[in-house]
Amino acid sequence: MVTKQTPSQTVGPYFAYGLTAQQYHYPNGQIADGTLADDKMPGRVRIIGRVLDGDGQPIPDAMVEIWQADSDGRYGWAGARGFGRQGTGTDAESRFIFDTVKPGSIGGGQAPHLTVILFMRGLLTHLYTRIYFSDDAEANRADPVLAAVPADRRHSLVARREETANGIVYHFDIHMQGEGETVFFDF
Amino acid sequence: MTLRTASGRDWASHPPLNYPPYRSTALRAPTKPLIPIARSLSETTGPIYGDESVGPLDNDLTRNGRRNGEPLGERIIVTGRVVDELGRPIRHSLVEVWQANAAGRYVHKVDQHDAPLDPNFLGGGRCVTDEDGIYRFYTIKPGAYPWGNHPNAWRPNHIHFSLLGPSIASRLVTQMYFPGDPLLTLDPIYLGVPAEARERLVSTFSIDVTEPGFALGYVFDIVLRGGRETPFER
């Protein structure tokens, strides 16, 4: 028996108490948040970004999920499981913030990366993109997924590394439209 | 040989990214085409949240928000089977739901609709599918509510669903509607779905699911992408 896929619908403006309740200070629980690695985890890094609309305005009601391998390139690690979820509505600058470890390469010639799933009001079907890392320039040049992306758009997938007093921060803004529109994938 | 496009996203089933009648898509839909990539472990794996991730009242929205009494409105049961594209059950997989109360008001702080909050109803819950892929919630039938998309715009009664499924590729966020709702044919979010696929979002009333003297039953089966790639694998 072959059945057809149930259609997608927008996450809408009111997902906060359903999917990210604790982050938004509602009394019910949530399964995942922005902390994939606590401060005891060696090699912890922070990923910070915004989601920008076609006018360049930060979107305060998006939800960003990430899925990643551990620092050895293995999926399904213990503890936080490699899955994170953040709404952009609790930060004054509409940022999402993930504390995690930088993943190792999963093999197949792929450079270290995170998978991003993006939801928001105004998006009827969710989008997928990837976060690569600016300090992996050589590995990025050999990555088969980046190779499928036009050269002048690859930069939209690479997070910029910054060393701060509190550790390493990667900056990754998602541009829905305009110059520097982020690359989104279908697979 | 890489996987063929079978079990990719079926764009004949999903709404387009840019859908002008739903005005919020204008500044939020990408303008460039999605770039197709071969699936690797990054796309065929995903987080597993099983029975340990739900509490005893998580699947009963008529009880999990109580403070001083029962929530107001019509008690309902929502149940269904989650399967892949070959009809095989998606077992032990997380289903999250959220919705407005019986008056059409969300607990969410940005909801400004002038309808009452219910002190005994939160409107959020979750459960895990069983061995047959079946999930089941108790809740209150959500009300319709106005929104600002166009003059006199109203959302039909609906419950939001979020499913993880077995992999990142099977991720789905959708909305369940109720049979016979006159607002469906006026709702640009529902109408964004290709016509042949729309009815898959409308639950069916079931007297068999209905619990005598207690709650009406609605059935909403869900098909997650996946399964069809197997015959095409190398």
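Before I turn to the pocket, a word on terms: a strand here is a DSSP run of E covering at least two residues, and strands are numbered from the N terminus. With that in hand, and bearing in mind that what we are looking at is a predicted model, strand 6 of chain B, residues 145-147, gives the most to the lining of the largest pocket, contributing 3 residues. The pocket itself has a volume of about 350 Å³, and 22 residues line it, the closest to its centre being A:P13, A:Y14 and A:R121 from chain A together with B:W147 and B:G148 from chain B.

Let me move from the pocket to the interior. The largest nonpolar core has 42 residues, and within that core A:F185 and B:W98 have the most contacts. At least two residues of this core come from each of several elements, namely helix 1 (16-19), strand 2 (62-67), strand 5 (114-120), strand 6 (127-133) and helix 3 (144-147) of chain A, along with strand 3 (94-99) of chain B. Helix 1 of chain A supplies the largest share, which is 3 residues. There is also a second, separate core, this one of 33 residues, and B:Y135, B:L163, B:V202 and B:I222 are among them.

Finally, the surface. B:F205, B:I207 and B:L216 form a nonpolar patch there, with about 280 Å² of accessible area together. Of these, B:F205 lies in strand 10 of chain B, residues 204-211. Is B:F205 buried, partly exposed or exposed? Its relative accessible area is 41%, and since buried means under 20% and exposed means over 50%, B:F205 therefore counts as partly exposed.

Terms used:
Residues are numbered from 1 along each chain as its sequence is written. Chains are lettered from A and ligands numbered from 1 in the order in which they are written. This is a predicted model: local features need pLDDT of at least 70, side-chain atom pairs count only at pLDDT 80 or more; totals for chains, interfaces and linings use all residues. Side-chain values use heavy atoms; hydrogens and water are left out. A nonpolar core is a set of buried Ala, Val, Leu, Ile, Met, Phe, Trp, Tyr and Cys residues joined through side-chain atoms within 4.5 Å. Buried means under 20% relative accessible area, exposed over 50%, partly exposed in between (1.4 Å probe, protein chains only). Helices (H or I, at least four residues) and strands (E, at least two) are DSSP runs, numbered from the N terminus. Patches are made of residues with over 30% relative accessible area and no salt bridge: like charges are joined within 9 Å, nonpolar side chains (Val, Leu, Ile, Met, Phe, Trp, Tyr) within 5 Å. Accessible areas come from the Shrake-Rupley method with a 1.4 Å probe; for residues, only the protein chains shown count as cover. A salt bridge is a side-chain nitrogen of Lys or Arg within 4 Å of a carboxyl oxygen of Asp or Glu. On a 1 Å grid over the protein atoms alone, a cavity is a set of points where a 1.4 Å probe fits but cannot get out, and a pocket is an open set with protein on both sides within 12 Å along at least five of seven lines; lining residues have an atom within 4 Å of a point. Grid points are joined across faces, edges and corners, and a volume is the space filled by probe spheres set on the points.
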